[in-house]
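Visitor: Could we take a close look at a single part of this structure and then see how the rest is arranged around it? I am in my first year, so please explain each term when it comes up.

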Amino acid sequence: MDAFDFDTPINRERTASLKWERYRGRDIIPLWVADMDFKAPPPVINALQKRLDHGVFGYTVPPDSLVEVVLEMLKVKYAWEVEPTSLVWLPGVVSGLNLACRSVGDIGDDVMTLTPVYPPFLAVPGLSGRKLSPVRLARDERQYWQIDMDRLTHAVIRQTSLFLLCNPHNPTGRIFSRRDLTDIAMFCEQNDMVICSDEIHCDLLLDQDKAHIPIATLSPEIARRTITLMAPSKTYNIPGLSCSLAIIENHDLRSRFKQCMKGFSPDVNLLGYVAAKAAYRDCSQWHTALIDYLVGNRALVEDMVRTTSGLEVNHVEATYLAWLDVRGLPVESSALFFEDAGVGLSDGKDFGEPGYLRLNFGCPRSTLARALDRMATALESMPL
Ligand SMILES: Cc1ncc(COP(=O)(O)O)c(C=O)c1O
């Protein structure tokens with residue numbers, strides 16, 4: 001066994017897990033919502049244990065030591081030097097998306113985003129009295145999802161005040177390049193739009209020859225119009241501990257954002273802070289092993305799709321999410337078809353793109369192999 005065990009399945013039934021409760025009592029392997037079926041890294045569990053032993057769980061403030069760890073991480077990874085006051089702690093990245101919509105522009109403004117996309121991106125503008133302006137990504141000849149700048153230019157109107165970016169991109173698994181990000185940044189500058197960049201998947205890069213570039217690091221001018229959202233939750237598998245952060249260097253933008261939080265956004269749970277610090281500071285070996293394991297799981301998914309008719313997938317550069325093209329299947333609902341075959345996937349229509357399914361491969365390889373086998377068997381019985 002490797003130093004870290006990602007192979008042994010952990011029973012998550014009856015643990016109030018969102019992922020596993022959906023199919024309670026049914027023989028359906030849940031590969032939908034984006035959490036992994038792995039234990040958190042040992043340093044995170046140890047830090048939490050130590051804090052539990054202290055036994056007093058009063059109101060809390062962001063620990064200075066965590067702020068230092070985050071600032072150092074941004075400096076080392078991205079050469080991004082940020083003032084401590086630029087960090088705003090949040091109970092969730094989705095809260096950050098909502099707060100960005102509420103704090104930028106006016107009621108009735110357009111909020112632009114690229115689709116398909118993680119479903120809350122489609123909902124948050126409406127929840128804040130804004131209008132969603134969805135612009136479809138285009139697929140190139142390699143089946144990669146690309147930003148089509150012409151489509152963006154045609155969709156923008158005078159009242160488009162905010163651009164919601166997801167990078168690395170859920171659900172397509174793209175890591176946007178410096179060129180892509182520069183195009184978006186210039187577009188937002190020309191049209192005087194604020195950028196809210198959800199970078200929650202930035203530590204889940206599976207292609208080692210690619211790098212994550214926070215869009216705010218392109219230039220000081222872009223930093224001034226950007227709200228960056230990050231969290232240790234996806235990478236270190238601690239989303240239930242609810243600790244995320246916004247990095248907002250522009251004082252006015254940050255004040256408006258914080259004003260919208262007042263009396264409304266709860267403080268981060270103290271255990272979330274403890275876990276975040278250990279995750280960012282003490283888990284590099286675990287992280288390397290995780291990426292290695294996910295690369296193996298990605299290969300399993302991509303191989304299965306290559307050898308099975310009726311399915312296609314673009315190469316997953318980052319995240320543990322594969323975006324399956326199931327438009328070739330002669331069924332009314334491919335999500336229900338695979339549920340009947342014993343695998344629970346996320347329906348592309350919730351991401352603004354019917355005809356696709358999202359598969360979460362953040363699970364023990366044996367579980368993934370069993371799910372893929374069920375899917376292949378179901379497809380074999382289909383006249384394609
Ligand atoms: C792109 C993206 N943003 C945000 C979230 C959720 O963040 P949080 O749980 O911190 O609200 C997810 C979860 O899958 C995600 O994929």
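Visitor: How many bridges join strand β3 to strand β7?

Guide: Four bridges join strand β3 (residues 110–115) to strand β7 (residues 160–166), and the two strands run parallel. Before going further, please keep in mind that this is a predicted model, in which local features need pLDDT of at least 70 and side-chain atom pairs count only at pLDDT 80 or more, while totals for chains, interfaces and linings use all residues. Residues are numbered from 1 along each chain as its sequence is written. Helices (H or I, at least four residues) and strands (E, at least two) are DSSP runs numbered from the N terminus, and two strands are said to pair if DSSP finds at least two bridges between them.

Looking into the pair itself, you can find D110, whose bridge partner in β7 is T160. Both strands belong to an open sheet of seven strands, which follow one another in the order β2-β10-β9-β8-β7-β3-β4 with mixed pairing. In that order β3 stands between β7 and β4. At the edges of the sheet are β2 (87–90) and β4 (131–136), and each of them has a single partner strand, so one side of each is left without a neighbour in the sheet. Neighbouring strands here are turned against each other by 20° on average, direction ignored; angles run from 0 to 180 degrees between N-to-C directions, with axes being lines fitted to C-alpha atoms, for helices over the stretch in contact.

Two helices can be followed from this sheet. Helix α4 (residues 93–103) lies across β2, β3, β7, β8 (194–198), β9 (226–230) and β10 (244–247), and its direction is at about 170° to β8. Helix α5 (residues 120–127) also packs on the sheet, where it touches β3, β4 and β7 and makes an angle of about 155° with the direction of β4. Contact between two residues is counted when their C-beta atoms, placed from the backbone, lie within 7 Å.

Is α4 enclosed? Ten of its eleven residues are buried, so α4 is largely enclosed by the rest of the structure. A residue counts as buried if 20 or more other C-beta atoms, placed from the backbone, lie within 10 Å of its own, as exposed if there are 12 or fewer, and as partly exposed in between. Among the buried residues of α4 are V93, L97, L99, A100 and C101, together with N98 and R102. After α4 comes G105, which has a positive phi near 70°.

A second open sheet, of four strands, has the order β11-β12-β15-β14 and antiparallel pairing, with β11 (312–313) and β14 as the edge strands that pair on one side only. Two bridges join β11 to β12, and V313 stands opposite L324 in β12. Strand β12 (residues 321–325) pairs with β15 over five bridges, D325 having Y356 as its partner in β15. On the other hand, β14 (residues 346–347) pairs with β15 over two bridges, and S346 is there matched with R358.

Strand β15 (residues 356–360) deserves a pause, because five of its five residues are buried and it is therefore largely enclosed by the rest of the structure. Both of its faces are covered, with Y356, R358 and N360 buried on one side and L357 and L359 buried on the other. In a regular strand the side chains alternate between the two faces of the sheet.

Helices also pack against one another. Helix α2 (residues 42–54) and helix α10 (residues 270–282) meet at an angle of about 145°, with their axes 8 Å apart, and their contact brings residues such as V44, A47 and L48 of α2 together with a group in α10 that includes L271, V274 and A278. Helix α3 (residues 64–78) packs on α10 as well, at an angle of about 35° and with the axes 9 Å apart; this contact includes L66, V69 and M73 of α3 and Y273, A276 and Y280 of α10.

Stepping back to the whole protein, you can count 13 helices and 15 strands. The C-alpha atoms fill a box of roughly 60 × 60 × 40 Å, taken along the principal axes, and 47% of the 384 residues count as buried. Among contacts between residues at least 6 apart in sequence, 74% join residues at least 24 apart.
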